[in-house]
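Me: Got a minute to go through this one with me? I'd like to start with the aromatics.

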Amino acid sequence: MTYTKTPVTLAEVTPLCQKFGMDQLLASIFVRRGVTKAEDLLYFMEDDIRFEHNPFLFSQMEDAVDRILAACEEGEKVLIFGDRDVDGITSTAILYSQLKSMGLDVSWRLPLAEEAYGLSMEAVDDFAKDNGTLIITVDCGISNAPEIQHAAELGIDVIVTDHHNPPELTPDAVAVIDPKCSDSGYPFDGISGAAVSYKLVSALRFSSSDFYKSEICLLNIEESAEENCCYITCTKIRNLTKHREIREKIIPGITAISETRLPAFLSGHYIYVWDNQRITNLFHQLFGKGIEIGFADLREQVKQFWPVFADKKAEDLCSLSKSAKYSSDEAMPTVMDSIFNLFVTYVNALSQRKNKNLESLRERDLQLVGIAALADIMPMKNENRLFVNSALKSMRTKGPVPGLAELFAKLSLDFHNVTSKDLGWTVIPALNASGRMGQSNLSLEVLISEDPKERDILSTKIIDLNEMRKNLVNEAALKTAGQAQESLSNHNGKLCIVFNEEIHKGVTGILANKIMNTYEVPSLAITDNDGIYAGSMRSCRGVVATDFLKEFGDFFIAYGGHNAAAGFSFTKDKMPEFMAKAKEISSRFNLEEPGAGNIVDAEVPAEYITPDLLKIIDMFEPYGNENDELLFVSKNLPVCDGMIVGKKEPYHLKLTFDCGKYKFPAMFWSAGDKWNKEVKPGSLCDVLFSVNKNIYNGNITPQMIISELEVK
């Protein structure tokens, strides 16, 4: 039995235990995974969506919102242009539903049949003929500078919302909202296209509040007995984001207000303070009663929602703030930070009180955003964890939204206990199938249709297409198996390229991924699309897919994508040149070492193997990119019972280990032949295992899933 377990020290574990109240087992797992910063731990220990990032952190978000509001006022025609995959479909559905609810004359368009990825000249021309004036791209557009320039020449404005890696030449659009752009202003670049679309929708909803574009200032005064002075801190806020902050030292009887930056900073702003009476009294003591500034008492307004704050002083707020708990040691939260966080929470609560549908609308969007994050293999960290956990929680408690509900039923998926793995293995492939088979409109229509009968018909068609897609992938894998091995040899074990004219264009990505997983090298699958060679790349081991393709210069008709996945196309006559160039580039690859086998998160003594392990498992859900399933090792576990299960070979081995207080069940897949030979009652075993939930007749019990087992 082989595995790797990174050593950790008490000095690394103890600070997490002390600051966050976690036990040593959990703390050691976080340390081994490199999750030790407070701001990163937040997204594992909290699942409240209020910790998501403000959409107006995007530097051009306000421009996008204002342009859409203008289109609404002028009755303009708007086109949403999306993509054929799950991320593009959900992006389109989220934005379409919002714009339609605002009364806009909105339509949508996705690439169908053999149409290429991204905004096309044809789509722009067709929209111009229909007297359209605003195009919003979702999950695409960042690589469409020529098409956007063409739109401008026809009098059509374009807003780009995307999350793909930007090219050197970014579009000259009304607004570009892409977290991967260096000037985006957004603090996390790993969100999906659907999440970007959701951010735009969230900003649009906020634009209907009284606080949209309002110039607001928060002010607080702190007394310093040691220095015999006061400090006045002021923070400017616009759209619930901080824009500027000043801090002035005031010596009573000496510092005049005219000697400070306060008059200019506060002029024209609505000013909120915590405890109006106290702040007003202090202000008069410092500057005299002749200076009158009207303050709004935030404490009085906050207590309407949360009475616990009614008698709290400003200095008490840090100890009550969850956000403060997750501030880094280098940037300890100030009183003003806590006041700001409470102000944001208050405004959001006020908006929800005024719009009773806001929560249900957001839940609907987040179900789609969560699915997109998993489908597009976004890193399961930062706010992506909030999105997926919110989606799962909503599905389990309130059921899937229309469209998803019909697919769940057709797939016989129990939504009450749905997991991220269920979505990844069942729902997402089905939604993706329509786009891969050239009928992306089906998956979009099932998500936006208001007719239950239509959704039922559409979901049946989607399931049928998914079965067809599975058959095409299997056929393509068989046709290219020998070619894949030969290609690996020709590229010195660093790259794999397969080409077959009979591969369906819609499954090149799946095939490339399948080959990559088999050989653990970057892989490409290419097919003939009416004389144009179209391909997909899936990458690993430190090779950035878009960087690889960028080295071809202007060779491609079009290309684009993520670090791990990309698409491209070129003319048929360039195939020899492509193969030669790919071989030359791959010869310079410095591939990272492939996965070091079994990387163990913790060694768990028998007495720790209890149902409480599920609490740790749940904390690390959702699993996915950059957050693998937890793997444990335990030694000398006694086998107290076992049996062979399964209806056909290979049979499986079901074991029960004696862990002291608990008898813990375990499944060892395809290992039925080991029972009463290698493994018997009374055997002592070292075990590598993960833990999952076994659900039967509504009862949930924990069970081990054994990766490796060694009898002592």
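Reply: Sure. Keep in mind that this is a predicted model. Ring pairs link Phe499, Tyr533, Phe548, Phe552, Phe555, Phe556, Tyr559, Phe568, Phe570, Phe578 and Phe589 into a cluster.

Me: How are the rings of Phe555 and Phe556 arranged, stacked or edge-to-face?

Reply: Phe555 and Phe556 are edge-to-face, with 5.3 Å centre to centre and 85 degrees between the planes. Phe555 is buried, and Phe556 is buried too.

Me: Which charged residue sits over the ring of Phe555?

Reply: That's Lys574, whose charged end is 5.0 Å from the centre of the Phe555 ring. Elsewhere, Arg385 has its charged end over the ring of Phe44, 3.9 Å from the centre.

Me: Back to ring pairs: how many aromatic pairs does the structure hold?

Reply: There are 34 aromatic pairs. One to look at is Phe58 with Tyr186: the ring centres are 4.2 Å apart and the planes are at 10 degrees, so this pair counts as stacked.

Me: Where do Phe58 and Tyr186 lie?

Reply: Both are in loops. Phe58 is in the one between helix H3 (38–45) and helix H4 (61–74), while Tyr186 is in the one between strand E5 (175–177) and helix H8 (193–206), so the pair ties together parts 128 residues apart in sequence.

Me: And are Phe58 and Tyr186 buried or exposed?

Reply: Phe58 and Tyr186 are both buried.

Me: OK, strands now. Which strands pair with E15?

Reply: Strand E13 (residues 532–538) pairs with E15 in the antiparallel sense over seven bridges. Strand E14 (residues 558–561) also runs antiparallel to E15, joined by four bridges.

Me: Any residues I can click on to see that?

Reply: For E13, try Gly535, which stands opposite Phe568 in E15. For E14, take Ala558, whose bridge partner in E15 is Ser569. The link from E14 to E15 is a hairpin through three residues.

Me: Why is E15 described as largely enclosed?

Reply: Strand E15 covers residues 565–571, and five of its seven residues are buried, so the rest of the structure largely encloses it.

Me: What about E3, how many of its residues are buried?

Reply: Five of the five residues in strand E3 (residues 134–138) are buried. Leu134, Ile136 and Val138 point one way from E3, and Ile135 and Thr137 point the other way.

Me: What sits alongside E3?

Reply: Strand E1 (residues 77–81) runs parallel to E3 with four bridges, and Val78 stands opposite Leu134. Strand E4 (residues 157–161) is parallel to E3 too, with five bridges, and Ile136 has Ile159 in E4 as its bridge partner. The chain gets from E3 to E4 through helix H7 (residues 145–153), in a right-handed β-α-β crossover.

Me: Last topic, packing. How many residues does the largest nonpolar core have?

Reply: The largest nonpolar core has 150 residues, and those with the most contacts inside it are Leu99, Phe343, Leu404, Leu423, Leu655 and Phe657. Helix H14 (residues 335–354) gives the most to this core, with eleven residues.

Me: What is Leu423 in contact with, leaving aside neighbours within four places in sequence?

Reply: With those set aside, Leu423 is in contact with Ile371, Leu374, Leu392, Met395, Phe408, Val418, Ile428 and Pro429. Another core lies apart from the largest one; that other core has 35 residues, including Val473, Ala484, Cys496 and Phe578.

Me: Phe578, didn't that come up with the rings?

Reply: Yep, Phe578 is one of the residues in the ring cluster we began with.

Methods:
Residues numbered from 1 in each chain as written. Predicted model: local features only at pLDDT ≥ 70, side-chain atom pairs only at ≥ 80, totals over all residues. Heavy atoms only, no water. Phe/Tyr/Trp six-rings, centres within 6.5 Å; stacked < 30°, edge-to-face > 60°. Helix = DSSP H or I, 4+ residues; strand = E, 2+ residues; numbered from the N terminus. Buried < 20%, exposed > 50% of the residue type's maximum accessible area, 1.4 Å probe, protein only. Lys NZ or Arg CZ within 6 Å of the ring centre and 35° of its normal. Pairing = 2+ DSSP bridges. Core = buried A, V, L, I, M, F, W, Y, C linked by side-chain atoms within 4.5 Å. Contact = heavy atoms within 4.5 Å. Right-handed = clockwise from strand over helix to strand, strands pointing away.
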